[in-house]
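Trainee: Got a minute to go through this one with me?
Mentor: Sure, put it up.
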2 protein chains.
Amino acid sequence: MNQQVFNFCAGPATLPQEVLKAVQQELRDWQNLGVSVMEVSHRSKPYEAMAAEAEQDLRDLMHIPDNYKVLFLQGGATAQFAMTAMNLLGKSGQADYIQTGIWATKAIKEGSRYGEVSIAGDCTENGFSRVPQQSELTLNPNADYLHYTTNETIGGLEFNYIPDAGDVPLVVDMSSNILSRPIDVSRFGVIYAGAQKNIGPAGLTIVIIRDDLMEQFLPFTPTVWQYKNHADNDSMLNTPPTFGWYLAGQVFKWLKRQGGIEAIAEINQRKAQKLYAAIDQSEFYSNPIDLMNRSWMNVPFVLADESLNAAFLEQAEARGLLNLKGHRSVGGMRASIYNAMPEAGVDTLIAFMAEFEQKNWQSQTIQTA
Amino acid sequence: MNQQVFNFCAGPATLPQEVLKAVQQELRDWQNLGVSVMEVSHRSKPYEAMAAEAEQDLRDLMHIPDNYKVLFLQGGATAQFAMTAMNLLGKSGQADYIQTGIWATKAIKEGSRYGEVSIAGDCTENGFSRVPQQSELTLNPNADYLHYTTNETIGGLEFNYIPDAGDVPLVVDMSSNILSRPIDVSRFGVIYAGAQKNIGPAGLTIVIIRDDLMEQFLPFTPTVWQYKNHADNDSMLNTPPTFGWYLAGQVFKWLKRQGGIEAIAEINQRKAQKLYAAIDQSEFYSNPIDLMNRSWMNVPFVLADESLNAAFLEQAEARGLLNLKGHRSVGGMRASIYNAMPEAGVDTLIAFMAEFEQKNWQSQTIQTA
């Protein structure tokens with residue numbers, strides 16, 4: 001395909017072109033070894049050096065304190081829903097969860113299988129249009145942790161603050177907004193994220209965990225699911241997803257070259273603001289999320305005339321604007337604009353949206369007037 | 001690197017050059033979509049079609065009966081050590097295991113955490129030089145399964161028969177010899193294999209499971225670890241390791257082009273036989289495994305003078321023969337000669353070994369005579 005495309009897929013998501021080019025170039029001869037990075041042992045010196053460098057780059061980018069371990073695991077956030085519970089519910093067996101949407105629901109359901117779960121805050125009443133604020137939370141001081149989803153990929157709802165749960169550690173699913181803006185890691189107990197949005201390819205999961213939280217696992221936790229075992233073995237307890245780890249390392253270096261998280265956050269904010277502004281200025285497009293909780297990463301929107309959905313998607317695709325269809329559970333459209341989505345992609349989308357609206361909606365209004 | 005190299009790494013292992021070339025070529029534009037296969041949704045039509053085709057190709061290659069599910073999972077064999085136990089110990093809670101070496105030990109240790117494990121056969125007495133034959137097995141007719149390791153990657157010990165355990169399902173770790181020779185899948189309950197030897201890149205795990213064995217999981221089995229949930233969702237319960245699945249599909253197609261497992265088995269047998277013959281004909285090299293249980297995939301050998309190990313490895317590498325160092329637990333050398341290792345690689349290795357022996361050993365013998 002020769003036309004420039006912009007891929008708005010929610011995940012597995014677009015990767016930086018610069019990274020893909022480099023990966024392609026060295027795919028069959030990595031570090032002049034005559035073999036692919038996929039074909040080297042994870043215990044070989046070149047691989048271990050690359051792996052350690054990737055971890056250090058992530059530490060640099062997120063300013064991760066020394067008392068946190070960084071783990072490169074498998075299984076995705078869905079595995080973490082059980083793994084966090086199994087690893088952390090060994091004290092009181094109680095946990096608080098904040099209900100913010102589809103991903104939080106999955107975490108709550110799985111956590112409830114392993115402990116006594118309370119809902120500390122709930123967006124159900126407001127139709128998942130804003131997250132509960134600190135004053136609205138009902139916190140259990142004996143909870144082993146407070147879990148929440150920092151960004152709901154499907155709902156397009158993002159936390160605008162870090163809850164204060166006192167001494168109760170915060171455990172967060174940061175799959176879809178990790179690395180998108182600066183955060184204070186020291187405020188969290190466990191941060192986990194599937195790689196396939198802002199980190200790399202599917203099949204890699206990053207866990208950042210405070211080192212005092214690895215001893216309270218439930219007795220039946222599989223050996224390969226105990227965070228401690230991975231921490232003690234530098235994530236090489238067993239063969240890690242070596243290609244994903246390598247590619248994540250390339251993305252971390254790319255992000256450093258962009259100026260780090262602080263710099264990408266400015267671009268992310270600008271991208272999101274102009275897209276929401278375009279939606280808000282139009283009577284044809286709309287987004288239901290409260291201003292303070294609108295996601296910078298996933299922008300769902302609907303068309304005033306849903307019968308135009310298919311035409312919208314078809315014409316967008318013809319313009320190289322791919323995968324704008326909303327999640328099957330909510331319908332409409334969704335533009336996922338992660339770190340690797342160039343600002344030009346958002347600009348092109350906005351221009352297309354205006355054009356589509358002008359052609360279809362205003363003319364329709366005139367016709368029906 | 002311009003010299004042709006042959007990579008004898010035990011895993012992550014060498015991949016077919018033809019596959020790597022094709023993957024490299026389409027890395028940034030898959031199926032003319034303008035994006036990488038890593039950047040498309042696993043729920044998109046092109047990806048789903050590719051995924052289904054990969055499964056069908058594996059079914060064709062292994063002649064997998066219809067009453068078996070094929071799952072594309074994460075976590076490696078190490079995860080399966082716990083996952084098989086958690087999913088299958090829900091009836092009697094008892095299981096038989098055959099002890100054949102390092103990988104069997106890991107499976108036994110993990111299985112013992114979830115049930116009452118008996119050792120049905122044990123190679124400890126013979127120094128792990130041969131597997132127990134049928135008549136030597138002590139089988140528990142009430143066991144939920146009999147587990148064994150079809151090929152010990154480190155020890156170089158391979159089963160030369162399929163045990164008969166009556167109605168007790170066989171559960172096997174086939175990580176290092178899956179697809180290497182024809183097997184009768186209908187004789188097994190569960191076959192699992194990490195991809196990084198004969199299938200594709202690390203981070204993908206294949207499970208082939210008889211469909212009546214998915215209901216007896218222990219109550220605390222994580223949702224994402226219940227085989228049934230993956231079977232019900234065509235391995236897309238959550239985001240699968242999409243790139244690994246794709247690459248495995250390419251390897252399956254390559255294997256079909258070679259004439260399937262039947263054809264590759266002939267080559268594998270020839271490769272192994274000539275390498276073992278070279279070892280046996282020499283007084284300098286030796287392999288301790290009983291003839292009937294010598295692995296076709298992993299050929300460990302030692303030098304009569306271990307002080308020559310470093311020189312052997314260095315000179316081999318200079319000849320493009322990479323990663324021949326034996327596992328740290330056993331020392332010596334190991335040549336892993338999986339499907340993707342060309343016969344020319346084995347020939348080059350044999351020639352180098354003869355040359356090295358001639359230069360170093362005979363001359364030394366003469367000097368000391």
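Mentor: We'll take one lysine, then the two copies, then the domains.

Mentor: This is a predicted model, where local features need pLDDT of at least 70, side-chain atom pairs count only at pLDDT 80 or more, and totals for chains, interfaces and linings use all residues. Residues are numbered from 1 along each chain as written, chains are lettered from A in the order written, and side-chain values use heavy atoms, without hydrogens and water.

Trainee: What does UniProt say about A:Lys197?
Mentor: The unreviewed entry annotates A:Lys197 as a modified residue, N6-(pyridoxal phosphate)lysine. Such annotations may be inferred rather than shown by experiment.

Trainee: Is A:Lys197 buried or exposed?
Mentor: Buried, at 13% relative accessible area. Buried means under 20%, with a 1.4 Å probe and protein chains only.

Trainee: What does its side chain reach at 2.9 Å?
Mentor: The side chain of A:Lys197 reaches the backbone oxygen of A:Ala10. Beyond its neighbours within four places in sequence, A:Lys197 has contacts including A:Thr153, A:Ser175 and A:Tyr338. Contact means heavy atoms within 4.5 Å.

Trainee: New topic. How are chain A and chain B related?
Mentor: A 180° rotation with 0.0 Å of shift along its axis superposes chain A on chain B, RMSD 0.0 Å. The fit is least squares on C-alpha atoms of residues with pLDDT of at least 70 in both. So the copies are related as by a two-fold rotation axis.

Trainee: Which residue of chain A comes closest to the axis?
Mentor: A:Gln24, with its C-alpha at 2.8 Å.

Trainee: And the domains of chain A?
Mentor: The assignment, automatic or from a database, gives domain 1 (17–257) and domain 2 (260–368). Their C-alpha centres lie 28 Å apart.

Technical notes: Buried < 20%, exposed > 50% of the residue type's maximum accessible area, 1.4 Å probe, protein only. Polar contact = N/O pair within 3.5 Å; in protein donor to acceptor, adjacent residues only side chain to side chain.
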